[in-house]
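Colleague: I'm new to this one and would love a close look at a single spot. Could you start there and then walk me outwards?

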Amino acid sequence: MECFVEQGEDYRDCMSRIMAKYGDKVVPIRQRKVRIGGFLGFGSREGVEVEFYIPSYYSRSVPQVFSRTPQTSTETWRSSALRSDETRRSPPSRPDEIRFNPEPRPLNSEARPPLKADLDFEERKGKVIAAAGKDPTLQLVLSEVRSIKEKMDAEESKSAEEEEHPAFARIRELLEYNDFSLSYSEKITERMRKECSLDTLDNFEELEQKVLEWIGEGVQIYRGETAPYVNRARVFILVGPTGVGKTTTIAKLAAAYGVYNQYGESLRVRMITIDGYRVAAREQLEKYGKAMEIPVAYAATADELRTAIALYGQDADIVFVDTIGKSPRDAMKLGEMKEFLASCGSLSETHLAVAATTKYSDIKDIMQQFAPFNYKSVIITKLDETKRTGNVLSALADQRKAVSYITDGQSVEKKHMHRADVIRFLVNLEGFRINRSRLEKRFADNGDADGRSG
Ligand SMILES: Nc1nc2c(ncn2[C@@H]2O[C@H](COP(=O)(O)OP(=O)(O)OP(=O)(O)O)[C@@H](O)[C@H]2O)c(=O)[nH]1
Ligand SMILES: [Mg+2]
């Protein structure tokens, strides 16, 4: 261990010089009064000399301090770090003089006991935190710091997300291209994260099939009543927004069941319209009825509706009821129509027509606004007018609603009316490579939408 001396005007001056040169890890050993300056004893004055040493573990870690040539102040002050034999002294053995544990310990060691400097820092930190509680400016600064940290965390997790497997982005793109809602797409990618191994993610064709199967699982098909209708007709009411194709669909359904025997069974069909509101609405259905030789009635009041149902119910298997197109925004008119339709009896069933061209958020609104009708299924119309059905599939899955029929043409021809089936939705999705036989195997029992005819 090397000892050093420094001279100054007084003890305080000595210490500030020592610390300026060697830092604050020095250990003063003793001080004594000395005469300093002057020439041959003339002009000298009284000063102080402090003897000190630097513990070896600090001196190892701060070698630059010692490699530096000690700076001496010009004429007045003598050099400090004396290395001559007479100025090198052994550290005092008296503990009261040292007041420092000379036991060397490595710097920054966990085991190092807290130094005074550490304690001072902790104390100051405590004071700042306590002051922050009272000082609104400091609180503002702290909240700024917090929000910066949150942003940094968010950036971090975002960049972690950016590092995800490229298959996620490709599936998202495919879903977006098909107009699936964002929340639907998130659910699919979440499922990928949970259920797909790296091998599956690497095999995109396999992944596509999986995603198609998941989409298919979310499609519920309405199968209708399975019990036979004894001594009564089935009453099938179609509601929905204006212009979605309700009247055309009623005519198509009547044709499918009453003319084409499209679903294996020839039924006695009747049609009723309650639409006296739109010009020529009544004539529109009557025209279809005449062409198909299917009776059509018009009911302007609740009583007339009740009477028509009672009359047709006696000698028909199924009565289709066409309604007035209602804006889903007009809750009052929807309420009135619901009351009106109550005349069809509690055993009637209501279905909702929605055009495939409607955007996802509107379909969701429509489904919610028509919810008081307790509709049993959704009929998707105008499928021929769009190639993207993600909007419809997302809304059906969100609202947990089943789909019964789809229509894809203006004319009342057999080819434009279909029972809903999962495969049809899946194979029509754009951009996906379709393994039809695999899908058919997976959804073998999902093609039957109407219970009565099988
Ligand atoms: N492309 C296409 N057009 C259809 C389809 N179904 C109906 N339409 C057409 O949609 C238009 C409106 O059909 P309507 O059956 O009168 O619709 P609506 O819902 O009864 O209308 P409102 O009674 O006025 O509410 C007509 O031009 C139909 O030909 C379909 O599946 N595909
Ligand atoms: Mg109509």
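How many other C-beta atoms lie within 10 Å of Glu-293, and is this residue buried or exposed?

Modeller: Glu-293 has 8 other C-beta atoms within 10 Å, so it is exposed. The scale behind that word is a neighbour count around C-beta atoms placed from the backbone: 20 or more others within 10 Å is buried, 12 or fewer is exposed, and anything in between is partly exposed. Keep in mind that you're looking at a predicted model, where local features need pLDDT of at least 70 and side-chain atom pairs need 80 or more, while totals for chains, interfaces and linings use all residues. Residues count from 1 along each chain as its sequence is written, chains are lettered from A and ligands numbered from 1, in written order.

Glu-293 sits in the loop between helix 12 and strand 7 (296-298). Helices and strands here are DSSP runs, numbered from the N terminus: H or I over at least four residues for a helix, E over at least two for a strand. The backbone of Glu-293 also deserves a look: its phi is near 60 degrees, a positive value in a residue that isn't glycine.

Now step back into helix 12 (residues 281-292), which packs against helix 11 at an angle of about 15 degrees, with the axes 10 Å apart. The axes are lines fitted to C-alpha atoms over the stretch in contact, and the angle, from 0 to 180 degrees, is taken between N-to-C directions. Helix 11 and helix 12 are therefore roughly parallel to each other; that label goes to angles under 35 degrees, with over 145 roughly antiparallel, 65 to 115 roughly perpendicular and the rest oblique. Their crossing is right-handed, meaning the near helix is turned clockwise from the far one by less than a right angle (anticlockwise would be left-handed).

Who actually touches whom? From helix 11, Thr-247, Ile-250, Ala-251, Ala-254, Ala-255 and Gly-258 meet Ala-281, Gln-284, Leu-285, Tyr-288 and Met-292 of helix 12. Contact here means C-beta atoms, placed from the backbone, within 7 Å. Sorted by class, this contact has eight nonpolar, three polar and no charged residues. Nonpolar covers Ala, Val, Leu, Ile, Met, Phe, Trp, Tyr, Cys and Pro; charged covers Asp, Glu, Lys and Arg; the others, Gly among them, are polar.

Just past helix 11 there's another positive phi, at Asn-261, near 50 degrees and again not in a glycine. Asn-261 lies in the loop between helix 11 and strand 6 (269-273). Asn-261 counts as partly exposed because it has 13 C-beta neighbours inside 10 Å.

Helix 11 (residues 246-258) also takes you to ligand 1: with three residues, it supplies the largest share of the shell there. Of the 20 residues around ligand 1, those that come nearest are Gly-245, Lys-246, Thr-247, Thr-248 and Gly-325; being near takes a C-beta atom, placed from the backbone, within 6 Å of the molecule. The shell splits into two nonpolar, 11 polar and seven charged residues.

For buried counterparts to Glu-293, try two leucines. Leu-341, in helix 14 (residues 331-341), counts as buried with 20 C-beta neighbours inside 10 Å. Its C-alpha is 9.0 Å from that of Arg-306, 35 residues apart along the chain. Leu-383 lies in the loop between strand 10 (377-381) and helix 16 (390-399), yet it counts as buried with 21 C-beta neighbours inside 10 Å. Leaving out neighbours within four places in sequence, Leu-383 is in contact with Ala-356, Ile-406, Thr-407 and Asp-408.

Elsewhere, helix 7 (residues 166-177) and helix 10 (residues 204-217) cross at roughly 45 degrees, their axes coming within 11 Å. That makes helix 7 oblique to helix 10. Here Ala-167, Arg-170 and Ile-171 of helix 7 meet Phe-204, Leu-207 and Val-211 of helix 10, a set of five nonpolar, no polar and one charged. Helix 7 and helix 8 (residues 182-195) cross at roughly 150 degrees, with axes that come within 10 Å, which means helix 7 is roughly antiparallel to helix 8.

Zooming right out, the chain has 18 helices and 12 strands. Of its 454 residues, 31% count as buried. Among contacts with a separation of 6 or more, 74% join residues 24 or more positions apart.

Technical notes:
Contact = placed C-beta atoms within 7 Å.
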